[in-house]
Amino acid sequence: MGKRQTAAAAVLLIFTAAVCMIADNPPLSSVIGAFAAAGTAAALSLYLRLPDRLYYLILVFVFLASPVGSVIDMYRIWQPYDKIVHFASGILLAAAAFEIVKKLWGNDKGNTMHMSFAFLFSSACAGMWEIFEFAADRLTGGDMQRGMVDTVTDMIAGNAGAVCFVLITACIFRRGK
């Protein structure tokens, strides 16, 4: 992890602590989840060498998804927030997968296999996240999933984000050729 990524991860943890302190009596599980998400994002750069810009976007996403979404309860305050977060996750997961596959299979930008892997990886993560939400709700009595429509539209939003990433990336690479 470079010094800039380390500093950015520290800022995320400080902002997470600040949100937890100013929030109006957040559930302990939300606070623990926010720090777990921030810590996971910080540890991510130890194992994956992501470009700074992508890593910073992931940190911003984690902040908006967990401390703001769960601790401040933005998911309940503003209804579209959940779908916006899922859409953004689709984009970021596809971007991360694209970077990973470039390192594994070479830097052949715009390759159909790279794009397909990015979409499928993001789509699989959307499904796994919904399974996680289901399991967490069942084990803890939580309310992350508010029914079948919420679950399916969350997965649609994540897939739509992945499709947007693939289409925009394909257009950028086609222009460059």
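Modeller: Ala, Val, Leu, Ile, Met, Phe, Trp, Tyr, Cys and Pro count as nonpolar, Asp, Glu, Lys and Arg as charged, and the others, Gly among them, as polar. On that split, the lining of the second largest pocket holds 10 nonpolar, 1 polar and 3 charged residues. This is a predicted model: local features need pLDDT of at least 70, side-chain atom pairs count only at pLDDT 80 or more, and totals for chains, interfaces and linings use all residues. Residues are numbered from 1 along each chain as its sequence is written, and side-chain values use heavy atoms, with hydrogens and water left out.

Biologist: What makes a space a pocket and not a cavity?

Modeller: On a 1 Å grid over the protein atoms alone, a cavity is a set of points where a 1.4 Å probe fits but cannot get out; a pocket is an open set with protein on both sides within 12 Å along at least five of seven lines. Lining residues have an atom within 4 Å of a point. The second largest pocket has a volume of about 360 Å³, the space filled by probe spheres set on points joined across faces, edges and corners. It has 14 lining residues; closest to its centre are Arg 53, Leu 54, Ala 95, Glu 99 and Phe 165.

Biologist: Which element gives the largest share of that lining?

Modeller: α5, with 6 residues. Helices are DSSP runs (H or I, at least four residues; strands are E, at least two), numbered from the N terminus. The chain has 7 helices and 0 strands.

Biologist: How do you know that the chain is as compact as a globular protein of its length?

Modeller: Its radius of gyration is 17 Å, close to the 16 Å that the globule rule gives for 177 residues, so the description fits. The radius is taken over C-alpha atoms, and the rule is 2.2 Å times the number of residues to the power 0.38.

Biologist: Why is Asn 25 called exposed?

Modeller: Exposed means over 50% relative accessible area, buried under 20%, partly exposed in between (1.4 Å probe, protein chains only). Asn 25 stands at 69% relative accessibility, so it counts as exposed. Asp 73, at 33%, is partly exposed.

Biologist: What makes a nonpolar core?

Modeller: Buried Ala, Val, Leu, Ile, Met, Phe, Trp, Tyr and Cys residues, joined through side-chain atoms within 4.5 Å. The largest core has 37 residues, and Leu 12, Leu 54 and Phe 165 have the most contacts inside it. α3 gives the most to this core, 9 residues.

Biologist: Which residues is Leu 54 in contact with, leaving aside neighbours within four places in sequence?

Modeller: Leu 92, Ala 95, Ala 96 and Glu 99. Contact means heavy atoms within 4.5 Å.
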